[in-house]
Amino acid sequence: MKVSRLLWILWFVIFCTARVQSQSKTSDQTGQQREPPGVLDTPVDFSGWIGTTRKPEQLKEIRIGFFVPDKPDDPIGGSMLNAAALAIEEANAAGGFHGVPFQLVQRWAYDPWGTASKEMIKLVYQDSVWAVIGSLNGKATHIAEQIVTKAWVPLLSPVSADPTLTYIRIPWMFRLPPDEQKQAEVIVHKGIQALSLDRVGLITSTDYDGRIFALEILTIMKVEQTPPVFHFQVSLPKVDFMDIVKRAASFNPDGVILRLPWAKTLDLLAHFQNSEFHIPVIIPWIPGLREEDLKKQYDGDILYIQPFSETGNPAYTAFARTYRERYGTRPTSGAAYTYDTIHLLVQSLHRSGLNRSGLRDAIAGIGDFQGVTGKISWDNGGGNQAKPLLRFLH
């Protein structure tokens, strides 16, 4: 009996294995094998209850949620808030929504899994916003994503480049920056391979965004057969940067890829500078990290990802001029994406009316939206298909 049961289990395992292998590739009409469908091969859709449509005259204001800190000096949220206020002002000057003004409603807390989630719930259910913009990083945006999935409210991310935000195919989620998979591909193809860097090191933080980027860059480096000569995973907040520099130098690398939070990236570059460890440094797009700050900290070659082109872009030039006149500083890329997000929402609301599911459909069907960051068009998961650039600072 035991032998019979063992044989049955063995047969079941073999059958399942064969079935998985047979399904790993499919055949077309010519009999040739092809890869199975990918996660983004079909568009994500929403087929739930569409709800009721409100009339503008029933409301005093059209509320748009903002899930970022309400602090002007915050290196990420402050510029986002400035850009959002500028866009809301322009939308209201153009007549608002059938005469009803748009209004930003801001909530935030720095404890993602505790107070922050409660604030996000209040934003959706208590403040009754029509859509939410945010947040500062991948972890906080995932918190917001969990709430809107149940509440059926559109969520747009103008800062986080986490690819898993849209790869999990939540129909209410939209991401504007090019994701870290696309960034990793550009770093390898336009940076490592184009410059013939044979020995490249990798330094990433162990926080959520650092781990996501590490996974993406290691995957493409493996595919392209350019594995890093070392990979240091930095635990925050306490870091011995001098030790990291010494260990990195011992490998005699041709270059190094850095992905830490913006302030820690600048700290590490300062230690590179002081230690005269001057090799090419490659940096993905890190929200809060400014080009002028990079130049101040390190005089070696820096290659960094710019999520969209600012040159030859009159729309961005006009936006940057208005932003500087208002706030006295140059806008960040996150500010530009936030500005586009507001105008994309306003345009979508005029198409859909005051109906959340209708608004989601209007955002998804926006087509090629021309913003100050260039053309915005969604892939089948709700991620912007724009390709990042690799800039070179001497």
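A strand here is a DSSP run of E of at least two residues, numbered from the N terminus. With that settled, here are close-ups of a predicted model.

**View A. The largest cavity, with strand 12 in its wall.** Searching the whole structure for cavities of 30 Å³ or more turns up 1. The largest cavity holds about 290 Å³, and 24 residues line it. Look for Trp285, Leu289, Arg290, Glu291 and Ser333 if you want the lining residues nearest its centre. Which element gives the largest share of the lining? That is strand 12, with 3 residues. At least two lining residues each come from helix 10 (291-297), strand 12 (302-306) and helix 12. Sorted by class, the lining has 14 nonpolar, 6 polar and 4 charged residues.

**View B. The largest pocket and the helices that help line it.** This pocket offers about 720 Å³ of space. Its lining runs to 28 residues, and nearest the centre sit Ile76, Leu136, Asn137, Asp207 and Pro261. Two or more lining residues come from each of helix 3 (112-126), helix 4 (138-151), helix 7 (208-223) and helix 9 (262-274). Helix 4 chips in the largest share, 3 residues. As for chemistry, the lining of the largest pocket splits into 18 nonpolar, 3 polar and 7 charged residues.

**View C. The second largest pocket, with Trp130 among the residues nearest its centre.** Here the space comes to about 390 Å³. There are 19 lining residues, and Thr52, Arg54, Val129, Trp130 and Arg356 are the ones nearest the centre. How do the residues of this lining divide by class? The count is 8 nonpolar, 5 polar and 6 charged.

**View D. Helix 12 crossing helix 13.** Helix 12 takes in residues 333-352 and helix 13 residues 356-364; their axes come within 8 Å and cross at roughly 120°. Angles from 65 to 115 degrees count as roughly perpendicular and those over 145 as roughly antiparallel, so these two helices are oblique to each other. The crossing is right-handed. On the helix 12 side, the contact uses Leu344, Leu345, Ser348, Leu349, Arg351 and Ser352. Across from them, helix 13 brings Gly358, Leu359, Ala362 and Ile363. Taken together, the residues of this contact comprise 6 nonpolar, 3 polar and 1 charged.

Definitions and conventions
Residues numbered from 1 in each chain as written. Predicted model: local features only at pLDDT ≥ 70, side-chain atom pairs only at ≥ 80, totals over all residues. Heavy atoms only, no water. Axes fitted to C-alpha atoms, helices over the stretch in contact; angles between N-to-C directions. Helix = DSSP H or I, 4+ residues; strand = E, 2+ residues; numbered from the N terminus. Parallel < 35°, antiparallel > 145°, perpendicular 65-115°, else oblique. Left-handed = near helix turned anticlockwise from the far one by under 90°. Contact = heavy atoms within 4.5 Å. Nonpolar A, V, L, I, M, F, W, Y, C, P; charged D, E, K, R; others polar. 1 Å grid on protein atoms, 1.4 Å probe; cavity = no way out; pocket = protein on both sides within 12 Å on 5 of 7 lines; lining within 4 Å. Points joined across faces, edges and corners; volume = space filled by probe spheres on them.
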